[in-house]
Amino acid sequence: TLEVVFAFYMTGDTSPESLESASSTCEQLLDMLLLAPGRKFSVGMSARLASALAWSGSRALRLMRDGVAREQFELMGATHSDAVVAALDPWDARLAIHYGAGTLHDIFGRAPTGFWNPSGVWRQEIVLPISAEGYSHTVIDSRIVDASGLNGLPTHAPLRVSWGGREIVVFQADADFARAVDQSVGAGSPAPAIAYLERAYAEDLADAAVVVYAREVRAGDEGQSLQGFASLFAALEKETWLRLTTFEERVHAGPRPRSVAQIPEGEPAQVRQAADGAGHANWQEYNSNSPVLQDMRSLYGDVRRRIQAVEEDLHRAAVPQAPAATPGASRLLDHAKLVFAWHQHEFGRPGAESGGRDQWEAVRKAYVAALAAWQCAHPATSAYREDVDRDGTEEVVVVSPTDMFVLSPIGGRLLYWYDLEYGDQIVGSDLGEAGGWALMDSIAALSAPGLPAVVYSVELSPDSRSIVFEATAGAVRLRKEF
C-alpha cells in the first residue's frame, strides 16, 4: 500500500481589520477537510493566528478543535510567530518553538506532534530545538534532499537525522506531486494526481515511500482555490492500493526510517527567489548580509539579555537563603518571553521586513514586562523616571508592593498597569505594533471585536508621592490609592 499525506498549515495577517477574512479562509479549509469523518490529515495553525482568532470567537477554532478531538487531524506546530528557525539565535529558537507548542495546546487541548518548518529553510542544527520541545518529525522540500547527493535512498522515503544528541524523522514534501495535485484541483479532475501516485507506487519496491503534499494556506489571502480538493480526496479513497494517513501515524506504525548522517543546508525555490528579489544570491546570503536583520538581531540581543538577567535574579531569589520569588514574578517573566516570541513574526523570511519591521521593533515592549517581573520580586514603594522600553523617551514609573504603573512623561497618561500580586497585565498592549504605542484612555490588552473598553482616570500628585486610579464599567466602580 502506498501511503499519502496531505498536510496544510494556516498562517497570515492577524491585524484586527483582517481577522474576519482570515477566519473565513480557515473555515473554508477546515470545513472541506472535515467533510468525510474517516479522512485523516496533518493540519497546523500559526499560534499567533490562533491567538488572534480566539479573541474574535472564530468558528475556525471550533472546527480545528473538532478535527483534533476526533483524531482526524494530526496537530502540527511551528515557531510561535512563524519565524524562520534557522535565522534565530538558539535561545530565541527554543523560546519560539516552546510558546508555539504551548499556545496550541492551550487552545486545542492537545500538544502538537509534527513540526511545520516556517519558510522551509533547512539547517541540520534546527533538529535540536525542534526535538527538545517534544516534536518527533518535520517536513523538508524534496528538492533539498535531491540536491544533497544522497544517492541510493528510496524515492519519497522519510529519513532519520540527528544533531546534538537529538533525532527527528524528516518527511519529504514532493514538489512534483504538489504540481500534479494543483493541476487536478484546478482542472476538477483527479487524473493527474492519480497518475503520479500510480508511478510512485510502481517505483516503491522497498515499500518505504510516503508521498507528501504540503501546502501553506495564507489566511485572508484572496485568490487561493480550495475548491476541488474534496472531489480529489473522494477519488483517492476509491483506490485500494493507496491510503491517506498522517505523519504521526506513519512515525508510530510504519517501518523505522533509514538514518542519514547529514542533509546539507538548503531552501525551497520560492524562498531562494524571494532572496534574489531582495538582492541576494540565496537565503544564506540574505540571512548573513541583510542590514535589517542585523539591526534587529542587535535589538533582540539587548532584550534577550534583559530577560535573562531578570530570570537569573529570580532564580537567585528562589534559593533557601533568600526570599522566595513570587508566582506573580514568574508569570510576568513568562509574559515577557511570550511578548519576545510574538514580535519575531516571520523573522528571516525574505520580503517580510518590508511590512514587518514595526512588528519586530515592538519587541521593546518585553522590556516593560521584564521590569514588572523584577519589581514583583523586589517589592517597594517608589516613583522614578526611566526609559522602560529603550525608545529614547523616559516614562514615569510608579510602584507599590501590589502594582506597577507606567505613565507618559507629559500628561501622566497610563501606558501600562501590572498587578504585582497575581502577575497580570491590566493595561497595555504588548502584542501590538511599534506604531500602535498611542497613549491609552481605556483598559485594553488586544483589539477585540465586541469587547467594551473600560474608561478610567489617573491622578498623580504634584510631588509624585501619591497616585489615584479610578475606573468605571457600568455600575461597577474601582478606586485605588497609592
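Let's start at Arg 331, which has 46% relative accessibility and so counts as partly exposed. Keep in mind that this is a predicted model. The side chain of Arg 331 meets that of Asp 424 in a salt bridge, with N to O at 2.8 Å. This pair links distant parts of the chain, with Arg 331 in helix α14 (residues 327-342) and Asp 424 in strand β15, 93 residues apart. Asp 424 has 28% relative accessibility, so it too counts as partly exposed.

That pair has plenty of company: the count comes to 29 salt bridges. Take Arg 304 and Asp 92, whose closest N and O atoms are 2.7 Å apart. Arg 304 sits in helix α13 (residues 291-317) and Asp 92 in helix α4 (residues 90-108), so this salt bridge ties together parts that are 212 residues apart in sequence. Here the partners are tucked away: Arg 304 is buried at 12% relative accessible area, and Asp 92 is buried at 2%.

Now look at Glu 167 and Arg 256, a salt bridge with its closest N and O atoms 3.9 Å apart. Glu 167 belongs to strand β7 (residues 166-173), while Arg 256 is in the loop between α10 (247-253) and β10 (258-259), and 89 residues separate them. Glu 167 is partly exposed, with a relative accessible area of 36%, and Arg 256 is exposed at 63%.

So what about a charged residue that is buried without a salt bridge? Asp 430 is that case: the nearest side chain of opposite charge belongs to Lys 365, 6.1 Å away, and the cut-off for a salt bridge is 4 Å. You'll find Asp 430 in the loop between β15 (424-427) and β16 (442-443). Its side chain does make a polar contact of 3.4 Å with that of Tyr 418. Among the other residues Asp 430 touches are His 335, His 343, Tyr 416 and Gln 425.

Finally, the empty space. The largest pocket has a volume of about 860 Å³. It is lined by 32 residues, and those closest to its centre are Trp 116, Ala 214, Glu 216, Pro 268 and Gln 270. Elements giving two or more residues to this lining include β1 (2-12), β5 (137-141) and α11 (269-277), but the largest share, 6 residues, comes from β8. As for closed space, a search of the whole structure finds 1 cavity of 30 Å³ or more. That cavity has a volume of about 30 Å³, and its lining is made up of Arg 306, Tyr 367, Leu 371, Glu 386, Val 388 and Arg 390.

Methods:
Residues numbered from 1 in each chain as written. Predicted model: local features only at pLDDT ≥ 70, side-chain atom pairs only at ≥ 80, totals over all residues. Heavy atoms only, no water. Helix = DSSP H or I, 4+ residues; strand = E, 2+ residues; numbered from the N terminus. Buried < 20%, exposed > 50% of the residue type's maximum accessible area, 1.4 Å probe, protein only. Lys, Arg positive; Asp, Glu negative; His and termini not counted. Polar contact = N/O pair within 3.5 Å; in protein donor to acceptor, adjacent residues only side chain to side chain. Contact = heavy atoms within 4.5 Å. 1 Å grid on protein atoms, 1.4 Å probe; cavity = no way out; pocket = protein on both sides within 12 Å on 5 of 7 lines; lining within 4 Å. Points joined across faces, edges and corners; volume = space filled by probe spheres on them. Lists of a residue's contacts leave out its neighbours within four places in sequence.
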